Amino acid sequence: EVVKAALTYHFVRTMPDDVRFAVETTFRLSEDSFAEPDFIFFRKSDGLAALNPRTALLAVELADSSLGWDLGRKARIYATFGIPELWVIEARTRLCHVHRRPGLEGYQEIIQLLETETLRSSAVAGLAVTLSALDYP
């Protein structure tokens with residue numbers, strides 16, 4: 001919760017004008033499938049009401065006990081539905097697993113960034129964060 005609060009504060013202050021995000025929303029992937037990402041980013045012009053796999057830009061998951069699920073099955077689900085980018089942040093170490101280039105077999109590019117390295121979204125122009133520099137409550 002501490003990491004989520006710090007990220008929320010950061011995103012609100014630094015979000016590009018044409019992008020919005022929702023926190024812990026029910027994200028419909030299809031008629032019978034949904035996910036509940038910690039953060040989901042989309043274009044302001046698309047709006048939250050039209051949020052779907054074609055309009056989503058970036059999903060962010062904060063993981064502690066759910067790390068195996070978030071890096072495994074959940075990442076494959078996001079990739080299968082074509083979510084352009086996924087960040088899975090380990091809550092305790094703040095190591096971030098950045099997933100890009102989605103496909104039917106999962107993400108084709110996965111890199112790890114330390115909390116001292118700057119995360120820059122390839123799907124959301126101007127979105128960046130250095131986890132070690134956040135203002136933690």
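## Salt bridges at a glance

Searching the whole structure turns up 9 salt bridges. Keep in mind that this is a predicted model. Let's go through a few of those charged pairs, then look at the sheet and the cores.

Start with Glu85 and Arg100, whose side chains meet in a salt bridge at 3.0 Å, N to O. This pair ties together distant parts of the chain: Glu85 sits in strand β6 and Arg100 in strand β7, 15 residues apart. Are these two buried or exposed? Glu85 has 0% relative accessibility, so it counts as buried. Arg100 has a relative accessible area of 15%, so it is buried as well, the cut-off being under 20%.

## Pairs with partly exposed partners

Arg94 and Glu115 make another salt bridge, with their closest N and O atoms 3.4 Å apart. Again the link spans distant parts of the chain, since Arg94 is in the loop between β6 and β7, while Glu115 is in the loop between β8 and β9 (118-120), 21 residues apart. Arg94 is partly exposed, with a relative accessible area of 22%, and Glu115 counts as partly exposed at 26% relative accessibility. There's also a network: salt bridges with shared partners join Glu1, Lys4, Glu24 and Asp38.

Then there's Arg43 with Asp46, a side-chain salt bridge at 3.2 Å, N to O. Arg43 is partly exposed, its relative accessible area being 36%. Asp46 is partly exposed too, at 27%.

## The sheet

Now for the strands. The model has an open sheet of 6 strands with mixed pairing, and the order across it is β1-β4-β5-β6-β7-β8. Which strands stand at the edges? Those are β1 (19-23) and β8 (106-113); each has a single partner strand, so one side of each is left without a neighbour in the sheet. On average, neighbouring strands here are turned by 20° against each other, ignoring direction.

Further in, β5 (residues 56-63) and β6 (residues 85-90) run parallel and are joined by 6 bridges. If you want a specific pairing to look at, try Leu62, whose bridge partner in β6 is Ile89.

## A helix on the sheet

Helix α3 (residues 73-80) packs on the sheet, where it touches β5, β6, β7 (96-103) and β8. The direction of α3 makes about 125° with that of β8.

One residue to pick out in α3 is Lys74. Despite the charged side chain you might have in mind, Lys74 counts as buried at 12% relative accessibility. What does Lys74 touch, not counting residues up to four places away in sequence? Its contacts are Ala35, Glu36, Glu61 and Trp69.

## Two nonpolar cores

The largest nonpolar core has 24 residues, and the members touching the most others are Leu7, Phe41 and Trp87. Several elements feed into this core: α1 (2-14), β1, β4 (39-43), β5, β6 and β7 each supply at least two of its residues.

Trp87 is worth a click. Setting aside neighbours within four places in sequence, Trp87 is in contact with a list of residues that includes Leu58, Ala59, Val60 and Glu61, as well as Cys96, His97 and Val98. Also among the contacts of Trp87 are Leu119, Arg120, Ser121, Leu127 and Val129. Apart from this core lies another one, made of 17 residues, including Ala22, Ile40, Ala75 and Ile83.

How values were computed
Residues are numbered from 1 along each chain as its sequence is written. This is a predicted model: local features need pLDDT of at least 70, side-chain atom pairs count only at pLDDT 80 or more; totals for chains, interfaces and linings use all residues. Side-chain values use heavy atoms; hydrogens and water are left out. Two strands pair if DSSP finds at least two bridges between them. Helices (H or I, at least four residues) and strands (E, at least two) are DSSP runs, numbered from the N terminus. Axes are lines fitted to C-alpha atoms, for helices over the stretch in contact, and angles run from 0 to 180 degrees between N-to-C directions. Contact means heavy atoms within 4.5 Å. Buried means under 20% relative accessible area, exposed over 50%, partly exposed in between (1.4 Å probe, protein chains only). A nonpolar core is a set of buried Ala, Val, Leu, Ile, Met, Phe, Trp, Tyr and Cys residues joined through side-chain atoms within 4.5 Å. A salt bridge is a side-chain nitrogen of Lys or Arg within 4 Å of a carboxyl oxygen of Asp or Glu.
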